[in-house]
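Please look through the structure below with some patience, turning it as you read. The report then takes up its general make-up, its cavities, its salt bridges and one chosen residue.

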Amino acid sequence: MDDRVDFKYDGVNDGEQRKGGHGIPKVSMVPLVFLIFYEVSGGPFGIEDSVKAAGPLLAILGFLLFAFIWSVPEALITAEMGTMFPENGGYVVWVSSALGPFWAFQQGWAKWLSGVIDNALYPVLFLDYVKSSVPALGGGLPRTFAVLILTVALTYMNYRGLTIVGWVAVFLGVFSLLPFFVMGLIAIPQIEPSRWFEMDLDNVNWGLYLNTLFWNLNYWDSISTLAGEVENPKRTLPRALSYALVLVVVGYLYPLITCTAALPVVRESWTDGYFSDVAKILGGFWLHSWIQAAAALSNMGNFVTEMSSDSYQLLGMAERGMLPEFFAKRSRHGTPLIGILFSALGVVLLSWMSFQEIIAAENYLYCFGMILEFIAFIKLRITHPSTSRPFRIPLGTVGTVVMIIPPTILIIVVMALASFKVMAVSILAVLVGFALQPGLVYVEKKRWLRFSVREDLPTLPDSSPVAAEEETTPLVV
């Protein structure tokens, strides 16, 4: 099939239906907001390194500035493209429509691998938070078994259904953010504004600083791989992205602004988990324990939402004929069974990596995928300017190009700052994808495995003046 030919949507995922074709309830607004929240953030756990790397002023300015130059453009692109292609597979389908199946597979491979690497972090972080209470989990076989048990338990939750994952994310999100709200209130009387302006440009770890900001403010596009499971995605998705954007940014800035000014800043102390120490100083042991419990449970929220995105991406790729048909198999709960198992296996195999290696490796692969995403977005704006977009960024082609220049520069900087080891491993992973795609084409040609394209899938609509006049949904709070 020629990827340049336009097709019309058949109405799949267009309407108000609350159940999918598999009879499983679809995800509504509130769970969707918290699914996005956990795809991107999960709370201010892990942002402490920004203070360690650059001090309070640059940390606060960094999260504010990066939100505008990275998170807002990525969320806007996700809103436009996710409503243009409201199906599982998300950004893979965008790239396929613009650049063809080879680059779509590379996008899917890099993003899936980045997501699995990211997910390998959360069981480890969970154990890091509880090992002070259970020292045996600090290393050795007990820690290894604990990682396996956690992975199996959370994988089972994904198997049971996305709506369950969504409402679990709501509960965990509220529980995780509340102690920071309380801690901020306690900190207000002790705030000394002069502490916000502490800065030493000669003593900034730019690599750690940029990777911390980037890791905590990316993955907005991950929700696009679940668009086929969302109730009325063409209206719900843009609004949910805007609400989640506010929740994420405020969730970072509020504790940073209050806590860095309430206590003398000792940059070396600001490492992962330091907010629980701040809570103990400001509020006592009860607040310290609440923050630790919130941090541990938040990692579980990050895990289940990331696994959902990764597994539904594989399902979407199989429905588009990019992966063998068995990846499109759903369980009796409507979940992508094989995709979940593959994603869980990847987590187990990659859980040996260190925290900093995980962040750097996933950022590198994520950057590669984002470059393809930006190219696809601009190309579709040029080649299909009149195609129906229920949400359209209120900028012309030149405006959208200007919009993505700052995040593109950021991508180049993040990739350039990677260590040789991370760069070498990441490039090798990309090259594996270059070999995998033609290998799968050969497998299909030999009929060793069955590949198929779902007949009722929405495809690229044709470009027409009428479509351009269609009413759009504003991305507003």
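The sections below describe a predicted model, beginning with the whole chain and moving on to details.

## Overall make-up

The protein has 16 helices and zero strands, and buried residues account for 59% of its 477 residues. When contacts in the protein with a separation of 6 or more are considered, 85% of them are made by residues that are 24 or more positions apart.

The structure holds zero disulfides. A disulfide is, in general, a covalent bond between the sulfur atoms of two cysteines. Two cysteines may still be looked at for their surroundings: Cys259 is buried, with a relative accessible area of 1%, and Cys367 is also counted as buried, at 0% relative accessibility.

## The largest cavity

A search of the whole structure finds four cavities of 30 Å³ or more, and the largest cavity has a volume of about 140 Å³. This cavity is lined by 18 residues, and those closest to its centre are Ser41, Phe45, Tyr122, Trp215 and Asn302.

Which elements give two or more residues to the lining of the largest cavity? They are helix 1 (29-40), helix 5 (101-130), helix 8 (206-217) and helix 11 (285-319), and it is helix 11 that supplies the largest share of this lining, with four residues. Sorted by class, the residues of the lining are eight nonpolar, eight polar and two charged.

## The second largest cavity

The second largest cavity holds about 70 Å³ of space. Its lining is made of 13 residues, and among these Ile24, Pro25, Leu162, Glu229 and Tyr312 lie nearest its centre. By class, the lining of the second largest cavity is divided into five nonpolar, six polar and two charged residues.

## Salt bridges between distant parts of the chain

A search of the whole structure finds nine salt bridges, and one of them joins the side chains of Glu80 and Arg389, with a distance of 2.9 Å from N to O. Glu80 lies in helix 3 (residues 56-84), while Arg389 is found in the loop between helix 13 (355-383) and helix 14 (397-416), so this pair ties together parts that are 309 residues apart in sequence. Glu80 counts as buried because its relative accessibility is 0%, which is under the 20% cut-off, and Arg389, at 3% relative accessibility, counts as buried too. Glu80 and Arg389 also belong to a network of salt bridges in which Arg381 is linked with them.

Another salt bridge is formed by Lys111 and Asp221, whose closest N and O atoms are 2.2 Å apart. This pair links distant parts of the chain, for Lys111 is in helix 5 and Asp221 is in the loop between helix 8 and helix 9 (233-262), 110 residues apart. Lys111 is buried at 3% relative accessibility, and Asp221 is buried at 0%.

## A salt bridge with a partly exposed partner

Glu319 forms a salt bridge with Arg454, and the closest N and O atoms of this pair are 3.1 Å apart. Here again distant parts of the chain are linked, since Glu319 belongs to helix 11 and Arg454 to the loop between helix 15 (420-446) and helix 16 (465-468), 135 residues apart.

Are Glu319 and Arg454 buried or partly exposed? Glu319, at 7% relative accessibility, counts as buried, whereas Arg454 is partly exposed, with a relative accessible area of 32%. The reason for these two labels is that buried means under 20% relative accessible area and exposed means over 50%, with partly exposed in between.

## A closer look at Ser224

Ser224 lies in the loop between helix 8 and helix 9, and this residue is buried, with a relative accessible area of 0%. With which residues is Ser224 in contact, leaving aside its neighbours within four places in sequence? The contacts of Ser224 are with Thr78, Glu87, Gly90, Tyr91 and Trp94.

A distance between C-alpha atoms adds to this picture of the loop residue: Ser224 and Gly89 are 135 residues apart along the chain, and their C-alpha atoms are separated by 7.2 Å.

Note on methods. Residues numbered from 1 in each chain as written. Predicted model: local features only at pLDDT ≥ 70, side-chain atom pairs only at ≥ 80, totals over all residues. Heavy atoms only, no water. 1 Å grid on protein atoms, 1.4 Å probe; cavity = no way out; pocket = protein on both sides within 12 Å on 5 of 7 lines; lining within 4 Å. Points joined across faces, edges and corners; volume = space filled by probe spheres on them. Nonpolar A, V, L, I, M, F, W, Y, C, P; charged D, E, K, R; others polar. Salt bridge = Lys/Arg side-chain N within 4 Å of Asp/Glu carboxyl O. Buried < 20%, exposed > 50% of the residue type's maximum accessible area, 1.4 Å probe, protein only. Disulfide = S-S within 2.5 Å. Contact = heavy atoms within 4.5 Å.
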